[in-house]
Amino acid sequence: MSYVIRRVAVIGSGTMGGALAAHAANAGFDVTLLDIAPNQLTPDEEIKKLTLEHPAVRNRIVNAGMHAVVKSKPAALFTPQMAERIRVGNLQDHFDLLADADWILEAIVENLAVKQELMARIDAARKPHGIVTTNTSGIPIHAIAEGRSESFRKHFLGTHFFNPPRYMKLLEVIPGPATLPKVVAYVKSFGEDVLGKGVVICNDRPNFIANRLGSYLGMYAMRYAYEHDYRVDEVDEFTGPVIGHPKTATFRLGDLVGVDILYHVADNLYHAVPEDEAHADLQPPEFLKTMVERKMLGNKSGGGFYKEVRENSGKKKYYALNLKTFEYEKPGKFFFDSVGSAEMCDTLPEKLRAMVAGDDRAAKFVWDTTAHYLAYASHRIPEIADDIVSLDNAMKWGFAHQVGPFETWDMLGVADTVARMEREDIAVAPWVKEMLAAGHASFYQNGAYYDPASKTYKSMRETSNVILLKNTRVIAENDSATLRDLGDGVACLEFHTKMNALDDSIIQVARAALDEVDKNFVGMVIGNQGEHFSAGANVMAVGLAAENGEWDKINEVTQALQDFLMTVRYSRKPIVTAPFGYTLGGGCEVAMAGSRIVAHAETYAGLVEVGMGLVPAGGGVKEMLRRVVVPALQTPTTEVLPFLQRVFETVGTAKVATSADEAKQMGFFGPDTRVVMNRDQLIAAAKQTVLDMVAEKYQAPARAKIYAAGERALAALRIAIYSMLSAKYISEYDAQVGDKLAYVLCGGKLTAPAWVDEQYILDLEREAFVSLCGEEKTRERIWHFLNTGKPLRN
């Protein structure tokens, strides 16, 4: 039996169920979303004299859930139109729709009896080989399936998504005792390849992997802070990025998740595992219970561990909770030698070693919490998973840690760390000592991981749809970029500056890359595996050149970028760009220049230069005209202004697409853009696209002509700018920048519409960019952004 999921049904339209239905729709599926029918009328329904049998009443709950999906922030759907793939119904009138579903996903209340009752109904309605999963976060999988048919139990398992499922990478898959191995394998593959998740296989134990480890670490750290008189904001100062954790650190994470959820997850775990060797450490501190009772729930209640306070000066500050008095206190200022030493280090291993080597309050906290966390993780093998890789991945994908517990241990040095832990009576699992005694110094080595069961190293799982750039051959490189060989005649141009900002050195390698590809390769990918594809040009370099009046240099650098991207566009070999994350300004222009785009679903693309008081100058304006205006003008008698206004609004307001699909709608990406759900697979997908284009006998496109609308269209855009200025929607300088943009869009001084060469628009872009660099207000915007990370309206 081979499994194929074409139709999805989600039961439960609450926060999680609605978001899961949305993500299935994002992945291209037709989705049925069901919830209970109400048993009582609302006052509004009574006024309207509706009955419980009225369709609007019977679907009221699911409709409310669907409305929340459409309105959710951050957006659950890639585009609003994705909602059209979801049909709604109720569990009384539309239960028979489940018979069409290949995958039924339950996301109802966390109550075993209620779930068992629902599963009995599903058992009778599902198709013979339909897969059924539960999104429970902690109820035993075997208990939910108890009493069900053999076929049901063979096709039933847990799929624990993290919230919000569109954005969180982790998917924990939990087989039941009767689940067929091929069903587990299929769901794992489906989760990775189709839904874009990082999948870990868990044993059917309370809280599975991520919440088991995360709850332990959170409770231990919070109790330690309370017992040793640490301030909330003090702890968050040194448990965030300096040790490879997110900025939410310890207590801010609680506010984000919700103090009530934090407490209930921990309390449920504490009662579910009385046999745990660290049982006492799992118990939530009493202050958490008090906070829940007082409705101090975090961000959703306006106050938790932090509370926003507007001081007499009018400034907003985040006051921190005193864990003993429950009063909010002014934010403190802290300095620790250990943190200072760590921040001077370049790599995470160096930072971690610097932190635990210190002897101040920060170092003691980090060492003690980390040591107990590592020891606890060692005892969870093989209870919650059979391998260390699953535990590491779960913490990276579920809690956004840069490294998992065993990777952390390797960075600190296993032997030295274990010796120190033993001196402090912190008990590690026996298998760790056995590993060291056998001469194995680390959990990972040479692409393999240590397996406690076999007491040997096992190779990491390799898949053909994942390429790690760090493992590929280097052809040429400098500090900003590298040209790599992906195999099969495909090269890859990789950026690796901060935020992958474009600079002179990238252009140098890019030029060499184009020559090398033309001679020795069949095609090239432009992509990387950093945090973002590219956040644009090196703004500091532009600001410094403008400050020094180096107009020729700015013109020269801009010309070099334009020339590079035009060479990419008209390369006789296919060049595929692979954007993801921030793809802004010049980064967006790089993505747009490719022969084809293969984009990660979570790509945030936009031409945002106006926020700096500039206009796009790497071909962004030209490309928007080519992609939006030119196709429309192929139809005789088409009025150009609506399409021109669309481009002007998109670029002039620095709109950023919130997904790759939205980037296609806005014109940044073409209709032939391939969207990849799993970012780990992006480079491999882009490489395969190059090979497919070669097989299709790719030919470079003919030189394009751009429609320049001329002075009448320019006058119309100027009227729109004046109207916005008069209504005080924009500042006078915004209007000046907008006028420059309109001038470029309409073809400059043309008195009548004309079809012009691309270079004509590129020259206008560059001239406008250089002239705006000469404006004091532009330089103010640049320096303000560099200092604050926020745009300035002046």
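**Exercise 1.** Which residues have the most contacts inside the largest nonpolar core?

*Solution.* Work on the predicted model. The largest nonpolar core has 111 residues. Those with the most contacts inside it are Ile122, Phe238, Leu288, Phe305, Phe406, Trp409 and Phe443. Apart from this core lies another, of 106 residues. Ala591, Ala685, Leu714 and Ala768 are among its members.

Next, take Trp409. Leave out residues up to four places away in sequence. Trp409 then touches Leu374, Ala375, Ser378, Val414, Thr417, Val418, Met421, Val428, Val432 and Phe443.

**Exercise 2.** Decide whether helix 25 (residues 586–593) is enclosed, and say why.

*Solution.* Buried means under 20% relative accessible area. Gly586, Gly587, Cys588, Glu589, Val590, Ala591, Met592 and Ala593 are buried. That is eight of the eight residues, so helix 25 is largely enclosed by the rest of the structure. One of these, Ala591, also belongs to the core of 106 residues.

**Exercise 3.** Classify isoleucine 261 by accessibility, then place it on the surface.

*Solution.* Ile261 lies in helix 12 (residues 259–272). Its relative accessibility is 39%. Partly exposed falls between the 20% and 50% limits, so Ile261 counts as partly exposed. With Leu256 and Val257, Ile261 forms a nonpolar surface patch. Together they have about 250 Å² of accessible area.

**Exercise 4.** Work out which strands stand at the edges of the sheet 12-13-14.

*Solution.* The sheet is open, and its pairing is antiparallel. Strand 12 (444–445) and strand 14 (456–459) each have a single partner strand, so one side of each is left without a neighbour in the sheet. These are the edge strands. Strand 13 (residues 448–451) pairs with strand 14 over four bridges. Tyr449 has Lys458 in strand 14 as its bridge partner.

Conventions
Residues are numbered from 1 along each chain as its sequence is written. This is a predicted model: local features need pLDDT of at least 70, side-chain atom pairs count only at pLDDT 80 or more; totals for chains, interfaces and linings use all residues. Side-chain values use heavy atoms; hydrogens and water are left out. Patches are made of residues with over 30% relative accessible area and no salt bridge: like charges are joined within 9 Å, nonpolar side chains (Val, Leu, Ile, Met, Phe, Trp, Tyr) within 5 Å. Accessible areas come from the Shrake-Rupley method with a 1.4 Å probe; for residues, only the protein chains shown count as cover. A salt bridge is a side-chain nitrogen of Lys or Arg within 4 Å of a carboxyl oxygen of Asp or Glu. Helices (H or I, at least four residues) and strands (E, at least two) are DSSP runs, numbered from the N terminus. Buried means under 20% relative accessible area, exposed over 50%, partly exposed in between (1.4 Å probe, protein chains only). A nonpolar core is a set of buried Ala, Val, Leu, Ile, Met, Phe, Trp, Tyr and Cys residues joined through side-chain atoms within 4.5 Å. Contact means heavy atoms within 4.5 Å. Two strands pair if DSSP finds at least two bridges between them.
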